[in-house]
Amino acid sequence: DRLGVTFGGDVITELEIVEALYRDVSLAGIGFSIVSVYMWAHLDGSVFLAACGMAEIVISFPLAYAFHRVVMGLEYVSILQFLAVFVILGIGVDDVFVFYNTYAQATRAVGRDGDLTARLSYAYEHAGRAMLVTSFTSAAAFCSNLASAIPAVRVFGVFLAVMVGANYVLVVTWFPACIACWEMYIRPVQDRPLEPVMGANMSMTRRFAAFVNRCRPLEWGVSRFKRKYPRVYRDYTFKNYARFLRRRRRWLIFLCIGLGAGGMVVATQLPGSNEVPKMFPDGHNVQRFLDWTQTKFADESLGCASYSDCAQHAADEIKQLDDLTPSPPPRPPIVPFTEDEIQTMATDVMTYFDKDGDGELSYAELESAFTAMGLEQLIDAGGGSSGMERLVNGVLRDYGTGTGGKLSRAGLLQYLNNTNDTQPGVLRYARAYLDGWLSTVPPPPP
């Protein structure tokens, strides 16, 4: 009974996350069903208006996802994006109720037979501006997540802001058009008496349709409550709340201030969490696997709670690595050659690279010498054969004998002395390269 198995991996963990998202979507379906029933009760028992209002809310999600995919260029939907469904459900239902209540007020003022255009204009004038302000402020609040350093939070804020904007556009276009269709084509049929009225020959389908179309849940509920509890309805409903508010206005203000101050005191005493937010309950397999991997490889984690702590910890780790890493050997000091060292270097060059023994270096012999000395890498003459070619031609032009394009020992000494005066480090490294080359070749014959 005490044996527990925890499993995970890239594919398995992704599969479990997808299954968790499906379960959340099913819960969202339950919430949509409950809200749909309440919307049907609030919208004068109209199944058509309730279905149109829910459709307007649902359509906001694919519109926001299209913006998310096409404009922002993101090809995935995270868990936070699915949470937006619950948020837009509350905002969308509020907008539908606000617009329809305003339209119903205009209908009660001018009557059901009044001009439909005038009633919709009244609803647009009063409800449209109120919904614009609330939708704009909600979208701006969600866009404030762009200041977050967490990319997922920024994307979530933009996604919700776009969804709220899409919902507002739909509630001032789609839903009023549905109300107009309902008033012109469906409401007259709904109010028409049925023949025969609930007769014995009426089918169950028609009986149910008649009940749904003629149902006024809120009107029936209010009337029944008023008849059964007349004193409660008269004294304790919102209808008489203004009288109570006027008598207890000071107490209510002090009560709200006290609750707010108490909440702030309690909030300041709550310690900040040093843990990464958990997306699953502690007993969930995914969370157990993540906790296990974090414990298993705890030595490889930084173990810090803030950016400054992590930066300091990383700097300490890098310093420790620098202390363990052996330093490279110091570079040889850049000291000019003495005259004896220059004479020795010239002798070595003439001994090993004057192949024909004529006391001068030809183009090919000088190129071999410079290659062994590494001058093509030390002197900025360009890389590759073209760089070596420019180097050899320049030395022969400036220090050569002028006959046959060769370099004598005197010209070589002059070139080495000038290099020692201007770039002593180059000559020092050339000597090191040359010594390395000489160690790989046998000494010349006596």
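Is Phe-86 buried or partly exposed? Let's take that one up in the first of these close-ups, all drawn from a predicted model.

**View 1. Phe-86 on helix α3.** The side chain to look for belongs to helix α3. Phe-86 counts as partly exposed, because its relative accessible area comes out at 38%, and the partly exposed class runs between 20% and 50%.

**View 2. A nonpolar patch on the surface, with Phe-86 in it.** Zoom out a little and Phe-86 turns up alongside Leu-27, Ile-30, Ile-34 and Leu-83. Together these residues put about 480 Å² of accessible area on show. Two elements, α1 and α3, each give two or more residues to the patch. Helix α1 supplies the largest share, namely three residues.

**View 3. The largest nonpolar core.** This one holds 41 residues. If you want the members that touch the most others, click on Met-39, Leu-43, Ile-57, Phe-99, Tyr-100 and Ile-179. Two or more residues apiece come from α1 (10-42), α2 (47-71), α3 (79-110), α4 (116-143), α5 (151-171) and α6 (174-191). Helix α3 chips in the largest share of this core, with 12 residues.

**View 4. Ile-179 and its contacts.** Leave out anything up to four places away in sequence, and Ile-179 touches Leu-49, Phe-99, Tyr-100, Tyr-103 and Leu-120. Two of these partners, Phe-99 and Tyr-100, are also on the list of core members with the most contacts to other members.

**View 5. Another core, apart from the largest one.** Here you'll find 31 residues, including Leu-361, Val-392, Val-395 and Tyr-399.

Note on methods. Residues numbered from 1 in each chain as written. Predicted model: local features only at pLDDT ≥ 70, side-chain atom pairs only at ≥ 80, totals over all residues. Heavy atoms only, no water. Core = buried A, V, L, I, M, F, W, Y, C linked by side-chain atoms within 4.5 Å. Buried < 20%, exposed > 50% of the residue type's maximum accessible area, 1.4 Å probe, protein only. Helix = DSSP H or I, 4+ residues; strand = E, 2+ residues; numbered from the N terminus. Contact = heavy atoms within 4.5 Å. Patch = residues over 30% accessible without salt bridge, like charges linked within 9 Å, V, L, I, M, F, W, Y side chains within 5 Å. Areas by Shrake-Rupley, 256 points an atom, 1.4 Å probe, with all protein chains shown as cover. Salt bridge = Lys/Arg side-chain N within 4 Å of Asp/Glu carboxyl O.
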